[in-house]
Amino acid sequence: MNGAADDRERAEELLLARISAAASRARLGMRRTTYRAPSTEPGRRRTATARPRRLLCGDGGAALNPGARLDLYEHGLTAAVGRRIHAVRFDQTVVRRRTVLTVRGVTGALVLVDVHGERVVLRCGDFARPQAWWSVICGAVAGAQAPRALAALRQGARLAFGPLWVTADAVGSARTSLRWAQVQRIEVRNGFVAVRVDGRWQVWATAASGIPNLCVFQALTEHLTGAGLDDG
């Protein structure tokens with residue numbers, strides 16, 4: 001028993017060392033929070049349905065590992081599963097919302113790009129408290145990238161977010177556009193991007209799932225709705 005416990009402790013120490021090294025190379029700053037796979041949390045029993053679950057990374061997948069963990073830092077995150085450790089910087093990544101199928105049914109996922117350009121898929125249920133880490137990651141990406149995006153708009157840039165685009169004067173999709181002074185609010189409603197104009201909602205035929213950096217787009221629209229950049 002003691003030997004097995006010692007082995008687990010050593011494995012945890014080695015994993016933490018590798019995670020810390022990856023975070024240091026990516027200059028992620030101070031570690032803030034750790035989220036472990038539910039089956040590895042103290043006091044949690046591994047259920048029969050937990051065994052076939054998979055944490056997807058890159059273009060394929062890896063079997064759920066007891067050491068799988070998600071660490072959030074000042075400037076990014078690390079996602080460790082199996083032998084892989086992905087480092088993601090909030091100021092560089094592209095994040096998308098996805099709907100994926102698991103053994104427990106359909107669930108949400110965040111798909112990010114790490115510092116080497118590889119995909120990292122974080123599914124709700126792969127780590128504890130998904131409502132917490134999901135909102136923190138999206139908020140951190142928006143906080144890191146929105147100021148730079150606003151500066152680009154001030155210089156006359158047109159920024160694309162998949163089928164959506166933004167300029168200092170207007171927002172639009174492939175089929176329509178509106179000046180910011182016309183827009184009262186933009187939200188994701190029932191999975192689609194909806195724009196409130198003249199007290200009514202217009203549902204644009206643009207599914208929120210898959211839009212790159214939707215969180216940054218939303219941060220920009222909150223700043224720009226009802227006015228142009230000069231008024232914001």
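Here a biologist and a modeller talk through a predicted model.

Biologist: Let's start broad. How many helices and strands does the protein chain have?

Modeller: The secondary structure comes to three helices and 16 strands. Of the 232 residues in the chain, 42% count as buried.

Biologist: Now the rings. Why is the pair of Phe127 and Trp133 called edge-to-face?

Modeller: You look at two things, since a pair of aromatic rings is described by the distance of the centres and the angle of the planes. The centres of Phe127 and Trp133 are 6.3 Å apart, and the cut-off for a pair is within 6.5 Å. Their planes stand at 85°, and over 60 degrees counts as edge-to-face. So the pair gets that name. The structure holds two aromatic pairs, and this is one of them.

Biologist: And what makes Phe127 buried or exposed?

Modeller: The relative accessible area of Phe127 is 1%. Buried means under 20%, so Phe127 is buried. Trp133 has 0% relative accessibility, so Trp133 counts as buried as well.

Biologist: Which ring does Arg158 lie over, and how do you know?

Modeller: Arg158 lies over the face of Trp165, 4.1 Å from the ring centre. The distance limit for that is 6 Å. There's also Arg189, whose charged end sits over the ring of Trp201, 4.3 Å from the centre.

Biologist: On to cysteines. How do you know whether Cys138 and Cys215 are bonded or too far apart?

Modeller: A disulfide is a covalent bond between the sulfur atoms of two cysteines. The closest cysteine sulfur to that of Cys138 is in Cys215, 5.0 Å away. A disulfide needs the sulfurs within 2.5 Å, so these two are too far apart for a bond. Searching the whole structure turns up zero disulfides.

Biologist: Are those two cysteines buried or exposed?

Modeller: Cys138 has a relative accessible area of 16%, and Cys215 has 12%. The cut-off is under 20%, so Cys138 is buried and so is Cys215.

Biologist: What about Gly139?

Modeller: Gly139 is in helix α2, residues 130–154. Its relative accessibility is 44%, which lies between 20% and 50%, so Gly139 counts as partly exposed. Gly139 and Cys215 are 76 residues apart in sequence, while their C-alpha atoms are 7.2 Å apart in space.

Biologist: Now the sheet. What makes β10 and β13 edge strands?

Modeller: The open sheet has four strands in the order β10-β11-β12-β13, paired antiparallel. β10 (159–161) and β13 (177–179) each have a single partner strand, so one side of each is left without a neighbour in the sheet. From one strand to the next, the twist averages 15°.

Biologist: How do you know that β10 pairs with β11?

Modeller: Three bridges join β10 to β11 (residues 164–166), and the two run antiparallel. Pairing takes at least two bridges. One example is Ala160, whose bridge partner in β11 is Trp165.

Biologist: What lies across these strands?

Modeller: Helix α3, residues 214–224, lies across β10, β11 and β12, running at about 125° to β10.

Biologist: Last one. Where is Thr78, and what makes Thr78 buried or exposed?

Modeller: Thr78 lies in strand β5, residues 76–81. With 0% relative accessibility, against a limit of 20%, Thr78 counts as buried. Leaving out residues up to four places away in sequence, Thr78 touches several others, including Ile19, Leu28, Tyr73 and His86.

Note on methods
Residues numbered from 1 in each chain as written. Predicted model: local features only at pLDDT ≥ 70, side-chain atom pairs only at ≥ 80, totals over all residues. Heavy atoms only, no water. Phe/Tyr/Trp six-rings, centres within 6.5 Å; stacked < 30°, edge-to-face > 60°. Buried < 20%, exposed > 50% of the residue type's maximum accessible area, 1.4 Å probe, protein only. Lys NZ or Arg CZ within 6 Å of the ring centre and 35° of its normal. Axes fitted to C-alpha atoms, helices over the stretch in contact; angles between N-to-C directions. Contact = heavy atoms within 4.5 Å.
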